[in-house]
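Please open the model in your viewer and keep a selection box ready. The tour goes from the whole chain to single helices and ends in a loop.

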Amino acid sequence: MSAETPAVPGHDEHYLRVAKRKFRAWRGTRPFWAGLFVILGGLPIAYFPYANLQIGHLTLAMATTAGAGSLIIGVLLVVLGVSLWFQKHVRTFAGVAAILLALVSIPVSNLGGFLIGFLFALVGGAMAVAWVPGEAPEVQPVPEAGTGESDAPQGAVPTLSKDAHDFGEPNDLSGTSPANGANGRHSAG
């Protein structure tokens, strides 16, 4: 095998590159970032009421009377984030529940984990509600390599008709124009 020989995908590649490609494919089929934001929102909400801040010899306890409520809200947000990763069909319920728990965390747990947990959970819940699974690309039939006979003589250069130069249509290469039926929406995953 020489240096110019390309690696066979999935066969001769380094295992980290294969794992990265598989993780990226897995991540693209679910609301991964929404789940991560919801989990990151639940952690400070559950942590801060039980944290002790050391300033020299002075211990500052941030415990509130609703410490158990903060723990419950934080754990529920973490569970909702994990469920967004592994059960993508509950994305609407989990997103709405994350938004509601983030709002409830403001009066219950130190302003929603000092607004850090509140903002992460709120953004993650909104991303979960907005996420839409992508459609599988349509498989194009492969033209058969037959006799090579066609209507045009061999060696003829195809010409474009005047219809092919529609100057009224925008040249949208992103695939998000309303003419493509995409309505400008992307999958957030």
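The stops below say what to select and what is found there.

**The whole chain.** This is a predicted model. Show the protein chain as a cartoon, and six helices and two strands appear. Followed along the sequence, the order is α-α-β-β-α-α-α-α. Of the 189 residues, 25% count as buried. Among contacts between residues at least 6 apart in sequence, 67% join residues at least 24 apart.

**Helix α2.** Select residues 32–47. This helix has 16 residues and reaches 23 Å from its first C-alpha to its last, close to the 22 Å expected at 1.5 Å a residue. Next, colour the buried positions of α2: Phe 32, Ala 34, Gly 35, Val 38, Ile 39, Gly 41, Gly 42, Pro 44, Ile 45 and Ala 46. Which helices do the buried residues of α2 pack against? They pack against α1, α3, α4, α5 and α6.

**α2 with α6.** Keep α2 and add α6, residues 116–130. The two helices pack at an angle of about 155°, with their axes 7 Å apart. Because an angle over 145 degrees counts as roughly antiparallel, α2 is roughly antiparallel to α6. The crossing of α2 past α6 is left-handed. To see the contact, show side chains on both helices. On the α2 side are Trp 33, Ala 34, Phe 37, Val 38, Leu 40, Gly 41, Pro 44 and Ile 45. They meet α6 residues including Ile 116, Phe 118, Phe 120, Val 123 and Met 127. By class, this contact has 14 nonpolar, four polar and no charged residues.

**Helix α3.** Move to residues 67–86. α3 has 20 residues and reaches 29 Å from its first C-alpha to its last, close to the 28 Å expected at 1.5 Å a residue. Its buried residues are Gly 67, Ser 70, Ile 73, Gly 74, Leu 77, Leu 80, Gly 81, Ser 83, Leu 84 and Trp 85. Add α1 (15–27), α2, α4 (91–108) and α6 to the view, since the buried residues of α3 pack against these helices.

**Ser 109.** Last, select Ser 109, in the loop between α4 and α5 (110–114). Is Ser 109 buried or exposed? Its relative accessibility is 1%, so Ser 109 counts as buried. Leaving out residues up to four places away in sequence, Ser 109 touches Ile 45, Pro 49 and Ser 70. Of these, Ile 45 is one of the buried residues of α2, and Ser 70 is one of the buried residues of α3.

Technical notes: Residues are numbered from 1 along each chain as its sequence is written. This is a predicted model: local features need pLDDT of at least 70, side-chain atom pairs count only at pLDDT 80 or more; totals for chains, interfaces and linings use all residues. Side-chain values use heavy atoms; hydrogens and water are left out. Helices (H or I, at least four residues) and strands (E, at least two) are DSSP runs, numbered from the N terminus. The expected span of a helix is 1.5 Å times one less than its number of residues. Buried means under 20% relative accessible area, exposed over 50%, partly exposed in between (1.4 Å probe, protein chains only). Contact means heavy atoms within 4.5 Å. Axes are lines fitted to C-alpha atoms, for helices over the stretch in contact, and angles run from 0 to 180 degrees between N-to-C directions. Angles under 35 degrees count as roughly parallel, over 145 as roughly antiparallel, 65 to 115 as roughly perpendicular and the rest as oblique. A crossing is left-handed if the near helix is turned anticlockwise from the far one by less than a right angle, and right-handed if clockwise. Ala, Val, Leu, Ile, Met, Phe, Trp, Tyr, Cys and Pro count as nonpolar, Asp, Glu, Lys and Arg as charged, and the others, Gly among them, as polar.
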